[in-house]
Structures are given as structure tokens and as C-alpha cells.
Amino acid sequence: MYRNIMTHFKYYILFLIVPYMFLLSPLTFQAWGRDFVVVIDPGHGGRDPGAVGKVSQEKAINLKVALKLGEMINWNCKDVKVVYTRDKDVYLTLNRRAEIANHAKADLFISIHTNAVKGNQSPRGASTWTLGLAKSDANLEVAKRENSVILLESDYQQRYAGFNPGSSESYIIFEFMQDKYMEQSVHLADLIQKEFRTTCKRPDRGVHQAGFLVLKESAMPSVLVELGFISNPEEERYLNSAQGVENLAGGIYRAFLTYKKEHDIRAGGKEYEPAPRVADKSVPASEKKVTQGIAGKNNSSAPVFKVQILTSSTPLKDGDKRFKGVAPVDHYQEGWIYKYTHGASTDYNEIVRTRRKLQATFKDCFIIAFKEGNKTDVNQAIAEFKRNRK
């Protein structure tokens, strides 16, 4: 009797539960239980030492900071899964590093490196890089140095489609590359540099773009951090000290926490807004007014050229020291990134001259274009300028 009752009870429970189980697909369970995945990539390793200082090698510094960063995240963020591309002194190809991140379906990829300059011991400070075309020879040299690791691979020409890390021509492929994760990558890079500058009290060398193969193959927001210069003896000692490792890992960790918090807000259906936004996300009303006024001198529909000098995830005040005395400075906004410009003219040649003057102060500055108040493709704008001159 008891057995029959229990059998009927089991069927009754199944009758109540099964319909709801069909409503909750495996994807639903995966979405609820899925951790935020961050892949931490200690650059170089094994037979690839990276940059070499007087008393240490880059690969060891990168690994120490990467493991400390992962330890901080694991200890404090229970909803985050940390994946290392390597957690010991082993050699990995650039492709393999990206494969690990892609296979893990990472939400974020952080590659950790240490900078160096041959024959010059004075450079110091930290910088953070995203994927893009190097806007200066100095930036191109950083990319060449980091990409040169592929020369250790016997089949690198086949594996990387004929890419030659030492040839400037090979980097042209990055000029027209559209990275759909660029906005998030630049934002994280800006957060990291802010922590290095304000909390870690390190010299701030800014956010830059260059053609890094390891970022090119990573299908998620990605940054490459240059912790400091191993070629500077004083900084090399700092990079190898327990305090230096803790400080630099802590800076990246705090930036990660901010990024993750914003991610969680957006995932919860609430839009994160670091600052009030204007109605037109591409060009603020004040910017549009200035642009149209200048264009009106000649042709109201003619493209207006400007020089972009820097970006920030938060609005900068007039007279901010990062403008380095350049005035006037305008800005426009793309997503949550504020982009600052100097100069405005329908004469492309005039802006070329302006850029040349600015390069002494802003090495990575470059020319952009607006048409009728909206940002436009600069190559098309140049072509239109040339047609109008005929």
C-alpha cells in the first residue's frame, strides 16, 4: 500500500515539474550559471624570454604580475572564472594564446608585457594598448618587437598568412580593420591607465593602438598592458620587487572591477552611463555648431577636417594638463568614449600642417573628418576635398 502511494506521488511530482523543465532549455541554465570569463595572458615564456634587462627577463615579470592579478580576482570575485594562457615558464605561439581565449569564450582578454628600448635607459612608465593601426614610428616599433616572437615558429609564414613582423608594409592590414570590440577595449585600457596614474602613482604613457597579432585573433574585448621598461635599471628593480608586482597587479585588478561592474549593470538591463550623454552620440551640439560654422565659410556641405589628439572614458575639464597647453580643444563622443580634437578646417592641407606641429607633443595624433556635423570616413572626405579643388 505504502509503495503504491509513493509510486503515484512520484508520478505526480514529475507531472508538475516536467513541463517547466521543457520551458527552461539548457541554454537558459547555462546563461544563469555562466561565470564572467577573463583570460590573463603572461606574454612570452619558455625559449622566448621577451625583453631582457640587466638582472631579469620579461617573461618572469609578466608571469608574476599575471598570477598576482588572477589571485586577486579569484579571491574577491566568485562569479568570475580566471583562465591563464600559461601559469608557468612555457613557450606558446601567439595563435595558441588567442585560441585559448576563444575556446574559453572569454568576456575579456588581458595580455601582460614589459617594455624596452634598446640603447636608452631613460624611458619609464606604463601604457595600455588596443588593436589598430600604429599612428607613429614609436608605436610601430612596439608592435614589431612583440610580434617578432613568431619568428621562433618554423612555419610562421604559413600560419600567419605571410605576415612579416619586421616589415612596415605588413602592418597596412590593420588600417582598415574594423574591431567590433574596439569601444570596450579602449574603455578598459583607459580605466587601467587611470589606475596606474592615480592609484599606483606610475608615469602614465597613455593608451595607444598598434597591430598586435595576439589581439587580432582574439574574439572579445582585448588589451595589451606594458607594465614598464625593463631597459630602465631603476624601473627594472621596481618591476621585480614584491611591492611593484602587487601595485601593478592591483591597478589592473581595480580597473577590471570597474569594467566588470559596468558589464553587470548592462547585463541586468540597465544602461551604464559614466557621464551625461548628449542627444547626438557622435557629435555634441556644441561641436556641431562649431563644425557647421567653419564649413559655412566655403561650402556648408564640405567636409571639415580636425586632428584627434587623445581619448578618455570620462569628460576632461578645460585646461586639463593632458592637453599640454594646446587650445582650443573640442570633443565629440562615440559610445562612452570622449575624443578630443584640435583645429578645424575645410582645407585638408591646413590640417596636415596642424598635425605636423602637434606631433611633437601628441605623437599618436591623426586626422579625422566631419560632414554636416557627423563623423565621416576620412579617406572619402579627402577625395571630396581634392575633387572640389579642381
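**View 1. The whole chain and its confidence.** Averaged over the protein chain, the pLDDT (the predictor's confidence in each residue, from 0 to 100) is 80, and 79% of the residues score at least 70. Residues 9-33 fall below 50, and this stretch has three contacts in the model beyond near neighbours in sequence; a contact means heavy atoms within 4.5 Å. Residues 269-298 also have a pLDDT below 50, here with 56 contacts in the model beyond near neighbours in sequence. Where pLDDT is low, please do not read the predicted coordinates in detail. This is a predicted model, in which local features need pLDDT of at least 70 and side-chain atom pairs count only at pLDDT 80 or more, while totals for chains, interfaces and linings use all residues. Residues are numbered from 1 along each chain as its sequence is written, and side-chain values use heavy atoms, with hydrogens and water left out.

**View 2. The fold in outline.** The protein chain has 13 helices and eleven strands, taken as DSSP runs numbered from the N terminus (helices: H or I, at least four residues; strands: E, at least two). Of its 390 residues, 47% are buried, that is, under 20% relative accessible area with a 1.4 Å probe, counting protein chains only. Among contacts with a separation of 6 or more, 77% link residues 24 or more positions apart.

**View 3. The six-stranded sheet.** This open sheet follows the order β2-β1-β3-β6-β4-β5, with mixed pairing; two strands pair if DSSP finds at least two bridges between them. β2 and β5 (204-210) each have a single partner strand, so one side of each is left without a neighbour in the sheet. From one strand to the next, the twist averages 20 degrees; axes are lines fitted to C-alpha atoms, for helices over the stretch in contact, and angles run from 0 to 180 degrees between N-to-C directions. β3 and β6 run parallel and are joined by six bridges, and Ile110 stands opposite Val223 in β6. Helix α3 packs on the sheet, where it touches β1, β2, β3 and β6, and its direction makes about 165 degrees with that of β2. α9 lies across β3 and β6, at about 120 degrees to β6.

**View 4. Inside the largest nonpolar core.** A nonpolar core is a set of buried Ala, Val, Leu, Ile, Met, Phe, Trp, Tyr and Cys residues joined through side-chain atoms within 4.5 Å. The largest has 37 residues, and Val38, Ile73, Ile110, Ile112, Leu227 and Ile252 touch the most other members. Elements giving two or more residues to this core include β1 (36-42), α3 (58-76), β3 (108-115) and β6 (222-229). The biggest contribution to this core is from α10, with eight residues. Zoom in on Ile112 and you will find it touching, among others, Ile40, Val65, Leu69, Val225, Leu227 and Ile252, not counting residues up to four places away in sequence. Another core, of 26 residues, lies apart from the largest one and includes Val39, Leu92, Leu94 and Leu131.

**View 5. The five-stranded sheet and its helix.** Here an open sheet runs in the order β8-β9-β7-β10-β11, with antiparallel pairing. β8 (330-334) and β11 (374-376) are the edge strands, each pairing on one side only. The twist in this sheet averages 45 degrees from one strand to the next. Five bridges link β8 with β9 (residues 337-345) in the antiparallel sense, and Tyr332 has Lys339 as its bridge partner in β9. Helix α13 (residues 378-389) lies across β7 (304-312), β10 (366-371) and β11, at about 75 degrees to β10.

Terms used. Buried < 20%, exposed > 50% of the residue type's maximum accessible area, 1.4 Å probe, protein only.
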